[in-house]
Amino acid sequence: MPCEEGVAVPVESKGEQRIGLLNGFAAYGMWGLVPLFWPLLEPAGAVEILAHRMVWSLGFVVIALLVMRRWAWAGELARQPRRLGLITVAAAVITVNWGVYIWAVNTGHVVEASLGYFINPLVTIAMGVLLLKERLRPAQWAAVSIGFAAVLVLTIGYGRPPWISLCLAFSFATYGLVKKKVNIGGLESLAAETAIQFLPALGFLLWLSGQGDATFGSEGAGHAALLAATGVVTAAPLVCFGAAAIRVPLSTLGLLQYLAPVLQFLLGILYFHEAMPGERWAGFVLVWGALSLLTWDALRTSRRARAALRAAEGGAGTPESELSEPDSSKPELSEPELSEPTVGPRP
């Protein structure tokens with residue numbers, strides 16, 4: 001299955017679309033199945049795994065960029081302090097996201113972790129309203145309201161707020177917001193972020209080794225190889241995502257992205273045998289209902305926009321009032337999954 005990035009190609013080519021879809025399924029499929037990998041790294045703790053992920057990811061991405069000869073962006077980025085600052089914020093936020101996710105999986109909270117990526121679109125919309133003062137369409141308001149009700153139901157079901165889900169959702173939504181401001185490609189962004197993470201992560205691993213608590217090198221060659229493979233596990237789906245993003249419409253990628261939390265949810269239920277009492281099922285059903293409403297609204301809006309664009313290009317004399325979207329609001333973050341999926345490191 002080809003997983004290489006390249007020059008954008010016309011989306012009209014059925015062969016290229018097929019390649020793009022295969023890469024999209026590969027990317028989100030790997031992200032969805034990653035809960036099977038983290039338990040293999042035990043007895044390493046979540047923080048040690050996280051540090052290895054940062055260190056080895058940088059090595060893998062540097063090799064990939066050397067092969068592709070894509071370094072022009074680095075010099076430009078170094079001359080832009082504001083973008084460097086945003087990259088640093090992105091690195092900090094994704095560190096929290098990665099760490100919480102690894103800990104959640106290895107402590108038996110796969111289902112709750114999957115919930116975080118189900119509610120992430122709703123959190124992103126809420127952040128757009130609160131931080132960017134965006135206006136939403138009625139269907140989007142309804143979806144956010146249903147999502148809030150779902151969190152309340154799940155709070156009752158868990159006997160506490162689903163803080164793992166909320167932490168993952170808010171951290172990734174924040175990461176997506178920062179990434180939109182930085183506007184840099186997936187591999188390039190991962191390289192910059194892991195370069196910032198590298199020294200603190202390496203320092204922690206050296207300190208851990210000095211304390212005699214490091215598992216790298218003390219649990220055998222197989223364990224060390226698995227820790228080193230965290231770089232591949234992090235970067236490989238991102239490369240496939242990049243290959244998909246240039247070949248298929250972003251709306252298609254937005255729909256494909258639900259594959260990852262669905263697979264995680266199924267693994268939590270069927271493989272890890274996590275409990276799902278009635279209250280949790282009710283909360284998840286509400287979340288899925290909110291996402292269905294959001295997806296329907298986004299697809300409807302996208303179709304109307306394309307129809308208006310075709311009419312405008314045709315110059316058939318259609319009055320401007322008929323070409324305009326009935327709702328004048330045009331939120332940039334309202335539908336990130338269906339219009340501009342976040343390009344960056346996933347779980």
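Which residue's side chain meets that of Arg137 in a salt bridge? Keep that in mind while you get your bearings. This is a predicted model.

**The whole chain**

Start with everything on screen, in cartoon view. The protein chain has 14 helices and zero strands. Follow the sequence and the pattern is α-α-α-α-α-α-α-α-α-α-α-α-α-α. Now switch on the surface. The protein chain exposes about 15800 Å². Carbon and sulfur atoms supply 67% of that area. Of the 347 residues, 48% count as buried. Contacts reach far along the chain. Take those between residues at least 6 apart in sequence: 86% of them join residues at least 24 apart.

**First stop: Arg137**

Select Arg137 and show its side chain. The partner is Asp297, and the salt bridge spans 3.0 Å, N to O. This pair links distant parts of the chain, 160 residues apart. Arg137 sits in the loop between α5 (110–132) and α6 (138–158). Asp297 belongs to helix α13, residues 278–314. Both Arg137 and Asp297 are buried, so hide the surface to see them.

**Second stop: helix α8**

Select residues 186–210, which form helix α8. The helix has 25 residues. From its first C-alpha to its last it reaches 35 Å, close to the 36 Å expected at 1.5 Å a residue. Look along the helix to Phe198. A kink of about 40° lies there. The proline Pro200 comes shortly after it. Past the end of α8, pick Gly212. Its phi is positive, near 80°.

**Third stop: Ser189**

Stay in α8 and select Ser189. Is Ser189 buried or exposed? Ser189 is buried, because its relative accessible area is 0%, and the cut-off for buried is under 20%. Which residues does Ser189 touch, leaving aside those up to four places away in sequence? They are Ile87, Tyr175, Lys179 and Ile184. Show their side chains too. Then add Glu193. A polar contact of 2.4 Å joins its side chain to that of Ser189.

**Fourth stop: Lys179 and Glu193**

Two residues from the last view also pair up with each other. The side chains of Lys179 and Glu193 meet in a salt bridge, 4.0 Å from N to O. Lys179 lies in helix α7 (residues 163–182) and Glu193 in helix α8, so the pair ties together parts that are 14 residues apart in sequence. Both Lys179 and Glu193 are buried. Salt bridges that share partners also join Arg137, Asp297 and Arg300 into one network. Add Arg300 to your earlier Arg137 selection to see this network.

**Fifth stop: Glu188 and Arg70**

Go back to α8 and select Glu188, together with Arg70. Their side chains form a salt bridge of 2.5 Å, N to O. Glu188 lies in helix α8 and Arg70 in the loop between α2 (46–68) and α3 (72–78), so this bridge ties together parts 118 residues apart in sequence. How do the two ends compare in exposure? Glu188 is buried, with a relative accessible area of 9%. Arg70 counts as partly exposed, at 23% relative accessibility. Now zoom out. The whole structure holds six salt bridges.

**Sixth stop: unusual backbone**

Turn off the side chains and look at the backbone. Most residues other than glycine have a negative phi, and most peptide bonds are trans. The next three picks depart from that.

- Select Arg69. Its phi is positive, near 55°. Arg69 is found in the loop between α2 and α3. At 74% relative accessibility, Arg69 counts as exposed.
- Select His273. Its phi is also positive, near 55°. His273 is in the loop between α12 (259–271) and α13. At 61% relative accessibility, His273 counts as exposed.
- Select Glu42 and Pro43. The peptide bond from Glu42 to Pro43 is cis, with omega near 20°. Pro43 is found in the loop between α1 (14–33) and α2.

**Last view**

Return to the full cartoon and colour α8. Ser189 is in this helix. Glu188 is there as well, with its bridge partner Arg70 in the loop between α2 and α3. Glu193 is in α8 too, with Lys179 in helix α7. Finish at Phe198, where the kink of about 40° lies.

How values were computed
Residues numbered from 1 in each chain as written. Predicted model: local features only at pLDDT ≥ 70, side-chain atom pairs only at ≥ 80, totals over all residues. Heavy atoms only, no water. Helix = DSSP H or I, 4+ residues; strand = E, 2+ residues; numbered from the N terminus. Buried < 20%, exposed > 50% of the residue type's maximum accessible area, 1.4 Å probe, protein only. Polar contact = N/O pair within 3.5 Å; in protein donor to acceptor, adjacent residues only side chain to side chain. Contact = heavy atoms within 4.5 Å. Expected span 1.5 Å × (residues − 1). Bend = angle between axes of the 7 residues up to and from the residue. Areas by Shrake-Rupley, 256 points an atom, 1.4 Å probe, with all protein chains shown as cover.
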